[in-house]
Amino acid sequence: MAEINKNLFTHLNVDDNDPVWDKFAGVKFPKKNIFSDNKAYLLEDGLVRKYYLNSTSDIDIEVCADFYFPGDIFTVGEKGSDAVYESINNGLAWEISLDEVKEMFAVNPECRFVQNYYLSRKLSAALKREMLLLKNTPQDLYEYLLKNKPHYIQNIPLKYLASYIGITPISLSRIRKRIND
């Protein structure tokens, strides 16, 4: 298999010759692929969504929590975790077991920088999303995505985007119609 496109991951500040790159294995994945537990992934191509199942007595509703684009990192925790990571389309990721990641942190102090960077980015994004959800209407959220994250609008299917905003696809369609009129 090919090598990792390290240019996509320069924000990690890992030297091109660092042996950490050799620990990752390439994984081509199809649309609707569910990613394995206990692994960290570098997404090189494709889109991945993170969602939770909200089960009621007779129906399961998928609530989208996040999306991952090329250049992003995501980790899938232990089996039984509530989060599901599913590909939206075909793509390529590079995987490493979480045990190997923990071992690298113990051996290489520079890896802690990557961990801190990743965690601070995730925390900041989660706090921002929480404030957006608390303070804004669904239309405000959609307009925010149009202005600040147009790649979401361009690449994510509307049914997943509606779930991410916290509304039904029909409501999103009405919002889009109002904005375009």
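These legends go with close-up views of a predicted model.

**View 1. The main nonpolar core and the residues at its centre of contacts.** The largest nonpolar core counts 21 residues, and Phe67, Leu145, Tyr152 and Leu161 make the most contacts inside it. Strand β4, along with helices α3 (138-148), α4 (150-155), α5 (158-165) and α6 (169-180), each chip in at least two residues. Helix α5 gives the largest share, with five.

**View 2. Tyr152 and its contacts.** Skipping neighbours within four places in sequence, Tyr152 touches Asp66, Phe67, Phe69, Leu145, Leu161 and Tyr164. Of these partners, Phe67, Leu145 and Leu161 are listed with Tyr152 among the residues with the most contacts in the largest core.

**View 3. A second core.** Separate from the core above, this one has 18 residues, including Ala40, Trp94, Phe105 and Tyr118. In soluble globular proteins, nonpolar side chains tend to be buried together.

**View 4. Glu86, a buried acid.** Glu86 sits in strand β6 (residues 83-87). Its relative accessible area is 7%, so Glu86 counts as buried, the cut-off being under 20%. The side chain of Glu86 pairs up with that of Arg49 through a polar contact of 2.8 Å. Beyond four places in sequence, the contacts of Glu86 are Lys32, Asn33, Ile34, Phe35, Leu47, Val48, Arg49, Tyr51 and Tyr160.

**View 5. A nonpolar patch on the surface.** Tyr52, Ile59, Ile61 and Val63 make up this patch, and together they offer about 310 Å² of accessible area. Val63 belongs to strand β4 (residues 60-68). With a relative accessible area of 33%, Val63 is partly exposed, because that value falls between the 20% and 50% cut-offs.

Definitions and conventions
Residues are numbered from 1 along each chain as its sequence is written. This is a predicted model: local features need pLDDT of at least 70, side-chain atom pairs count only at pLDDT 80 or more; totals for chains, interfaces and linings use all residues. Side-chain values use heavy atoms; hydrogens and water are left out. Patches are made of residues with over 30% relative accessible area and no salt bridge: like charges are joined within 9 Å, nonpolar side chains (Val, Leu, Ile, Met, Phe, Trp, Tyr) within 5 Å. Accessible areas come from the Shrake-Rupley method with a 1.4 Å probe; for residues, only the protein chains shown count as cover. A salt bridge is a side-chain nitrogen of Lys or Arg within 4 Å of a carboxyl oxygen of Asp or Glu. Helices (H or I, at least four residues) and strands (E, at least two) are DSSP runs, numbered from the N terminus. Buried means under 20% relative accessible area, exposed over 50%, partly exposed in between (1.4 Å probe, protein chains only). A nonpolar core is a set of buried Ala, Val, Leu, Ile, Met, Phe, Trp, Tyr and Cys residues joined through side-chain atoms within 4.5 Å. Contact means heavy atoms within 4.5 Å. A polar contact is a pair of N or O atoms within 3.5 Å; within protein, one must be able to donate a hydrogen and the other to accept it, and residues adjacent in sequence count only if both atoms are side-chain atoms.
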